[in-house]
Amino acid sequence: MYQEFQKHLQQTLQEIKDAGLYKNERVIVTPQSSGIKVEGGQEVINFCANNYLGLADNKELIQAAKDRMDSRGYGMASVRFICGTQDTHKQLEKAISDFFGTEDTILYAACFDANGGLFEPLLTEQDAIISDALNHASIIDGVRLCKAVRYRYKNGDVADLEEQLKAAQAQRFRIIATDGVFSMDGNVCPLDKIYELAQRYNAMVMVDESHSAGVVGKTGHGVTELYNMRGKIEIITGTLGKAFGGSVGGFTTGKKEIIDLLRQRSRPYLFSNSIPPMIAAAGLKTLELLTRDNTLQDRLHANTEYFLTRMKAAGFDIKPTQSAICAVMLYDARLSQEFAAALQEEGIYVTGFYYPVVPQGQARIRVQLSAAHTPEQLDKGIAAFVKVGKQMGVIK
Ligand SMILES: *Cc1c(COP(=O)(O)O)cnc(C)c1O
């Protein structure tokens with residue numbers, strides 16, 4: 001059998017390559033940071049990590065992880081409900097609830113799992129999920145795993161959402177699901193209007209704060225801070241893999257009974273290993289750092305503003321953003337790859353995004369700002385974009 005299948009795979013891979021869509025992984029040989037070294041020795045400034053607050057190589061987090069590994073061991077060798085729950089896990093769940101102003105929290109190995117295991121235990125074929133068209137793949141998969149009736153509304157389009165909510169009155173319970181920040185453009189969901197509609201049409205709201213927690217809102221408490229809606233949303237999901245330290249781990253936080261039922265029924269929680277104590281301890285330290293003062297959040301916001309202002313002035317076409325994501329539009333897949341390669345020659349590490357990660361004809365370079373970027377690194381990044389942009393005829 002395999003010979004035949006192999007030929008099929010080789011052909012598929014060749015088609016991906018011919019279309020200029022083949023993804024190569026570049027290898028980093030230093031810790032994740034705003035300045036990194038790649039295999040071959042080149043030093044580059046990193047503009048494509050989810051390391052929004054620069055915590056991926058933070059000394060206090062590393063120390064907290066080391067200390068907890070010494071005191072609580074390496075791994076749990078168990079799922080949570082058998083023998084995989086230590087005090088550290090409970091402390092982290094409490095800290096996440098306090099951070100978001102929610103009633104309770106459940107940890108997962110990743111936010112992909114949190115979203116994948118969210119809907120199926122809560123809703124049946126009698127219920128409805130109304131989902132933003134640009135939601136993250138993990139929400140889409142989570143919705144697919146659930147028997148609820150699916151409705152989709154155009155990205156951030158409250159008029160369309162209202163139409164879908166009207167249609168969804170046919171079902172018993174309704175939940176609107178949205179990303180907080182949409183990761184390809186950097187736009188924030190209109191949570192205030194979504195909430196209003198939810199009230200009017202008797203629905204609940206789920207927000208994925210993966211790209212917004214630590215980033216959006218003056219103190220980085222996410223879209224619920226931005227819209228002054230702390231404690232009002234029924235379900236929030238998020239990750240420890242982005243602003244919150246950049247390692248692994250996900251969570252769902254919200255109403256007590258929802259979390260309780262997820263602990264009983266959510267499959268990625270019941271059938272997948274507990275996160276290691278060191279990861280939970282570093283997560284705790286992250287939340288302590290973020291609430292101790294506002295230094296990191298202020299620096300991230302200032303860096304983002306600085307970069308956006310100068311890139312727009314240089315003539316680049318940038319998608320409207322309210323986060324630390326800056327989508328530099330190039331539209332053509334091949335151009336986005338060549339542009340990224342030329343930037344790497346200049347010592348700037350970015351990635352071209354193209355179909356299927358973004359729609360056909362919407363290729364771009366996604367720049368992600370970090371609190372760790374120095375003014376000098378930002379200036380070098382902007383200068384390189386301008387140089388390559390002129391060379392390739394993207395700007396004048
Ligand atoms: C990154 C991301 C995830 C996945 O998070 P992991 O913890 O890496 O699995 C889920 N949802 C959104 C919106 C994301 O951006």
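Modeller: Before we start: contact here means heavy atoms within 4.5 Å. This is a predicted model, where local features need pLDDT of at least 70, side-chain atom pairs count only at pLDDT 80 or more, and totals for chains, interfaces and linings use all residues. Residues are numbered from 1 along each chain as its sequence is written, and side-chain values use heavy atoms, with hydrogens and water left out.

Colleague: Okay, let's try one. Which residues is valine 367 in contact with, leaving aside its neighbours within four places in sequence?

Modeller: The list is Phe47, Phe307, Ala324, Ile325, Cys326, Val328, Val350 and Phe385.

Colleague: How do I read a nonpolar core, and which residues touch the most other members of the largest one?

Modeller: A core is a set of buried Ala, Val, Leu, Ile, Met, Phe, Trp, Tyr and Cys residues joined through side-chain atoms within 4.5 Å. Buried means under 20% relative accessible area, exposed over 50%, and partly exposed in between (1.4 Å probe, protein chains only). The largest core here has 84 residues, and Phe244, Val367 and Phe385 touch the most other members. Helix H13 (residues 277–292) gives the most to this core, with eight residues. Another core, of 20 residues, lies apart from it and includes Ile106 and Tyr108.

Colleague: And sheets? In what order do the three strands of the open sheet run?

Modeller: Helices (H or I, at least four residues) and strands (E, at least two) are DSSP runs, numbered from the N terminus. Two strands pair if DSSP finds at least two bridges between them. Here the order is E10-E13-E12, with antiparallel pairing. E10 (325–331) and E12 (351–353) are the edge strands, each pairing on one side only. E10 and E13 (residues 363–368) share six bridges, and one of the partnerships joins valine 328 to isoleucine 365 in E13.

Colleague: What packs on that sheet?

Modeller: Helix H15 (residues 333–345) does, touching E10, E12 and E13. Its direction makes about 40° with that of E13; axes are lines fitted to C-alpha atoms, for helices over the stretch in contact, and angles run from 0 to 180 degrees between N-to-C directions.

Colleague: Last one: why do the buried residues of H2 sit on the same side?

Modeller: An α-helix has 3.6 residues a turn, so residues three or four places apart point the same way. In H2 (residues 59–72), the buried ones are Leu61, Ala64 and Ala65. They share a side of H2 because they cover an arc of only 95° around the axis, taken from the directions from the helix axis to the C-beta atoms. The face turned away carries exposed Lys59 and Asp70, while H13 is included in what covers the buried residues.

Technical notes
The expected span of a helix is 1.5 Å times one less than its number of residues.
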